[in-house]
Amino acid sequence: MKKITNLTPHEVTLVDDNGNIIATFPPSGVIARVSVKTIRVATINDIPVSTSSFGQVENLPEPNDEEVFIVSSLVAQRCKHRKDVFIPNESVRDDKGRIIGCRSLGII
């Protein structure tokens, strides 16, 4: 059985089709991120307009045989070659539209 480590800042809760919690993964305290540089390119009615340039993935451990990682979609998109990187998938929302869980872990 592999260890599942949550490298996001949020708890990830998996639920079944009936809304029952089947697993919860608290944040590990380490957050995998993609570096970003923001550049101001213009203004519209004195409101700044910027663009973002995304760089390297940070804080993602090297692959190992005993562990897989839950990360953000942006991190996963930068690591498509990795077989140990997953995202929360099939979001479940409450009656106010807030995400309260997911039905699966996804690959990109």
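A contact means heavy atoms within 4.5 Å. This is a predicted model: local features need pLDDT of at least 70, side-chain atom pairs count only at pLDDT 80 or more, and totals for chains, interfaces and linings use all residues. Residues are numbered from 1 along each chain as its sequence is written, and side-chain values use heavy atoms, with hydrogens and water left out.

**Exercise 1.** Find what share of the contacts with a separation of 6 or more in the protein chain comes from residues 24 or more positions apart.

Solution. Take the contacts in the protein chain with a separation of 6 or more. Residues 24 or more positions apart account for 32% of them.

**Exercise 2.** List the helices and strands in order along the protein chain.

Solution. Helices (H or I, at least four residues) and strands (E, at least two) are DSSP runs, numbered from the N terminus. The count is 1 helix and 8 strands. Read along the sequence, the order is β-β-β-β-β-β-α-β-β.

**Exercise 3.** Compare the radius of gyration of the protein chain with that of a compact globule of 108 residues.

Solution. The radius is taken over C-alpha atoms, and the globule rule is 2.2 Å times the number of residues to the power 0.38. For a compact globule of 108 residues, the value would be near 13 Å. The protein chain has 17 Å. Its C-alpha trace spans about 50 × 40 × 25 Å along the principal axes.

**Exercise 4.** Name the residues of the largest nonpolar core.

Solution. Such a core is a set of buried Ala, Val, Leu, Ile, Met, Phe, Trp, Tyr and Cys residues joined through side-chain atoms within 4.5 Å. Buried means under 20% relative accessible area, exposed over 50%, partly exposed in between (1.4 Å probe, protein chains only). The largest core has 11 residues: L7, A32, V34, L60, F69, V71, V75, A76, C79, V85 and I87. At least two of these come from α1 (73–78), and at least two from β7 (85–93). A second, separate core has 5 residues, among them L14, F25, I70 and C102.

Now look at A76. Leaving out residues up to four places away in sequence, A76 touches V71, V85, I87 and I108.

**Exercise 5.** Place I31 and decide why it counts as partly exposed.

Solution. I31 sits in the loop between β3 (21–25) and β4 (33–44). I31 counts as partly exposed because its relative accessibility is 25%. Next, find its partners. Beyond four places in sequence, I31 touches L7, T8, P9, E58 and N59. I31 and L7 are 24 residues apart in sequence, yet 4.7 Å apart in space, C-alpha to C-alpha.
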